[in-house]
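Please open the structure in your viewer and switch to a cartoon display. The tour goes from the whole chain to the sheet, and then to the helices that pack on it.

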Amino acid sequence: MPKARIRAAVIGGSADDIEAAFYEALQTGNIERLMACWADEDGIVCVHPAGLRMVGQAAIRATFEEMFANSRIGAWPQQVCRIESLTSVVHNVLERIELTTPRGSQVAYVLATNVFHKTAQGWRMVVHHASPGTAADVRGADGATPVLH
């Protein structure tokens, strides 16, 4: 059975459903579930907060596999601003990130843009672009000043 059909059986629904599955996969370190959120197109892009730009399934998968192997990641959307059309959806997300590594735990806030397209397999992510957030972004989310380690 083709990989796209397997993905369609695993994840369906709206762009919100795909985004929720993406963040759940980040929290559980489930690479298969995470990659099932992505479109099968060659031009998909992931930009990490450090500025590394990954293009294509193989490159994106490799970076997340490395992250899962070296740390535990918790990522929770705190605020989502949505722009929707018939075949594409853009979410601008303030993410709360908890990263646990052998050197200890860190909490940070990240501004992410997630772009979804409606494909033959349903809604799929085509871009995840993340940048470091600022204290002002965080205060806007919960009114408290963050402690970044």
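How many helices and strands does the protein chain have? There are five helices and six strands. What you are looking at is a predicted model.

**Whole chain**

Colour the chain from the N terminus to the C terminus and follow its elements in order. The pattern along the sequence is α-α-α-β-β-α-β-β-β-β-α. Now show the surface: the accessible area is about 8000 Å², and carbon and sulfur atoms account for 55% of that. Of the 149 residues, 37% count as buried. If you draw contacts between residues at least 6 apart in sequence, 50% of them join residues at least 24 apart.

**The sheet**

Hide the surface and select the six strands. They make up an open sheet with mixed pairing, in the order β2-β1-β6-β5-β4-β3. Its edges are β2 (53-55) and β3 (72-84), each of which pairs on one side only. On average, neighbouring strands are turned by 25 degrees against each other, direction ignored.

**Along the strands**

Select residues 45-47 and 122-132 next. These are β1 and β6, paired in the parallel sense over three bridges. Which residue of β6 is the bridge partner of Val 45? Label Val 127 to see that partner.

Move on to β5, at residues 104-119. β5 and β6 run antiparallel and are joined by ten bridges. One pair to label here is Asn 114 with its bridge partner in β6, His 128. The two strands form a hairpin, with two residues between them.

Then add β4, at residues 88-101. How many bridges join β4 to β5? There are 14, and these two strands also run antiparallel. Label Glu 98 and, opposite this residue in β5, Val 107. β4 and β5 form a hairpin as well, again with two residues between the strands.

**Helices on the sheet**

Keep the sheet in view and select residues 15-28, which form helix α2. Which strands does α2 touch? The helix packs on the sheet and touches β3, β4, β5 and β6. Its direction makes about 165 degrees with that of β3.

Last, select residues 57-70, helix α4. This helix lies across β1, β2, β3 and β4. Relative to β2, α4 runs at about 125 degrees. With both helices displayed, β3 and β4 can be picked out as strands touched by α2 and also crossed by α4.

Note on methods: Residues numbered from 1 in each chain as written. Predicted model: local features only at pLDDT ≥ 70, side-chain atom pairs only at ≥ 80, totals over all residues. Heavy atoms only, no water. Pairing = 2+ DSSP bridges. Helix = DSSP H or I, 4+ residues; strand = E, 2+ residues; numbered from the N terminus. Axes fitted to C-alpha atoms, helices over the stretch in contact; angles between N-to-C directions. Contact = heavy atoms within 4.5 Å. Buried < 20%, exposed > 50% of the residue type's maximum accessible area, 1.4 Å probe, protein only. Areas by Shrake-Rupley, 256 points an atom, 1.4 Å probe, with all protein chains shown as cover.
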